[in-house]
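Trainee: I'm new to this one. Could you walk me through it and tell me how each label is earned?

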Amino acid sequence: MNIENLKYFYEVANTKSISKAAAKSHISQSAISKQIQKLEESLNAKLILRSNKGIVVTPEGALVLKYAEKIIQNYSRMEEAVQNFTKDNNVIKINACCVLNPYIMTKILYVLKKKLTDLNFDVQSNLCDKIESDISEYNSHLGLVCKCPLDKDVISEKLTTDRIVLASSMDFNVPDKIDFADILKYQIVLLNANNGTNETVRKRLINIGKHFSDLNVVFTADSTESIKASIINGQGITFLPYLVIREEIDKGIIKEVHINDLTLNYNIY
């Protein structure tokens, strides 16, 4: 099977048009038809049918299309890796949890760069599940996440443990110490529900017979900075890693609300 044949089929199947795919690929319609025919011959299966409404993908074609995107992506990554396989242009792609990236990655990169002077580092932020998926699919070389990866094919190592802080503005109407169940009384702003911090809180709620949906959530956001700005403006309380708000607590901008007889910890992997 020729990778170019697969690319042409992928374009035709997605555009439902040989003419559109040919224009996008800058080749003639007859040429793209021949390439798809070669792919069909190599697989011994009919992949597309022509109709008055355009191109129809056969069941066999749908099966090929299911795998085509990943095959094409992996082929492109392989080409990129081969091209970058030089001492002066060796890029390590790191995908870091969007909660922690701004507060921890600069220190990690400083250490890595001092020890691995021949490498360059490309760092992106994402949610933990997406990072695990990118590692599994070879879109990233390394990941930094705040919950344990579930994919057994992803090798992980615990880096450190941090604690989760219940925080509010200095003048928000909440005592300095509360019971965990009392959080249900207050408006709360949260980071996107798909992260390790909320997983830890969710488990604690179950222990007291409550559910995550019982929280009085004002809104959720992906941005740690927007969450911090909201609580500083008195819009509610929030759970955040101590690493994220340590500076604001030290400066007296944000206060930590202590939860009686309870410490919420999470691991960084």
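Mentor: Sure, let's start with helix H6, residues 128-136, where Cys-128, Ile-131, Glu-132, Asp-134 and Ile-135 are buried. Keep in mind that this is a predicted model, in which local features need pLDDT of at least 70, side-chain atom pairs count only at pLDDT 80 or more, and totals for chains, interfaces and linings use all residues. Residues are numbered from 1 along each chain as its sequence is written, and side-chain values use heavy atoms, leaving out hydrogens and water.

Trainee: What makes H6 a helix, and what does "buried" mean for its residues?

Mentor: Helices (H or I, at least four residues) and strands (E, at least two) are DSSP runs, numbered from the N terminus. Buried means under 20% relative accessible area, exposed over 50%, and partly exposed in between (1.4 Å probe, protein chains only).

Trainee: Why are the buried residues of H6 said to line one face of the helix?

Mentor: Seen down the axis, they fall within an arc of 160°, so they line one face. The arc is taken from the directions from the helix axis to the C-beta atoms.

Trainee: Which strands do those buried residues of H6 pack against?

Mentor: They pack against strand S3 (90-97), strand S4 (119-126) and strand S5 (142-144), where contact means heavy atoms within 4.5 Å.

Trainee: How do you know that Cys-97 is in no disulfide?

Mentor: A disulfide is a pair of cysteine sulfur atoms within 2.5 Å. A search of the whole structure finds 0 disulfides. For Cys-97, the nearest cysteine sulfur is that of Cys-146, 3.4 Å away, which is too far for a bond. Cys-97 counts as buried at 1% relative accessibility, and Cys-146 does too, at 3%.

Trainee: What makes strand S6 largely enclosed?

Mentor: In S6 (residues 160-169), 7 of the 10 residues are buried, so the rest of the structure largely encloses the strand.

Trainee: How do you know which strands S6 pairs with?

Mentor: Two strands pair if DSSP finds at least two bridges between them. S6 and strand S12 (residues 264-268) have 5 bridges and run antiparallel, with Asn-265 in S12 as the bridge partner of Arg-163. S6 also pairs with S10 over 4 bridges, in the antiparallel sense. With strand S11 (residues 254-259), S6 has 4 bridges, again antiparallel, and Ser-168 stands opposite Lys-255.

Trainee: Why is Thr-238 called buried?

Mentor: Its relative accessible area is 0%, so Thr-238 counts as buried. This residue sits in strand S10 (residues 238-241), and its bridge partner is Ala-167. Its contacts, leaving aside neighbours within four places in sequence, include Val-165, Leu-190, Ile-227 and Ile-231.

Trainee: What makes the link between Thr-238 and Val-189 a polar contact?

Mentor: A polar side-chain atom of Thr-238 lies 2.6 Å from the backbone oxygen of Val-189. A polar contact is a pair of N or O atoms within 3.5 Å; within protein, one must be able to donate a hydrogen and the other to accept it, and residues adjacent in sequence count only if both atoms are side-chain atoms.

Trainee: Which buried residues does helix H8 have, and why are they on the same side?

Mentor: In H8 (residues 224-232), Thr-224, Ile-227, Lys-228, Ser-230 and Ile-231 are buried. They cover an arc of only 160° around the axis, which puts them on the same side of H8.
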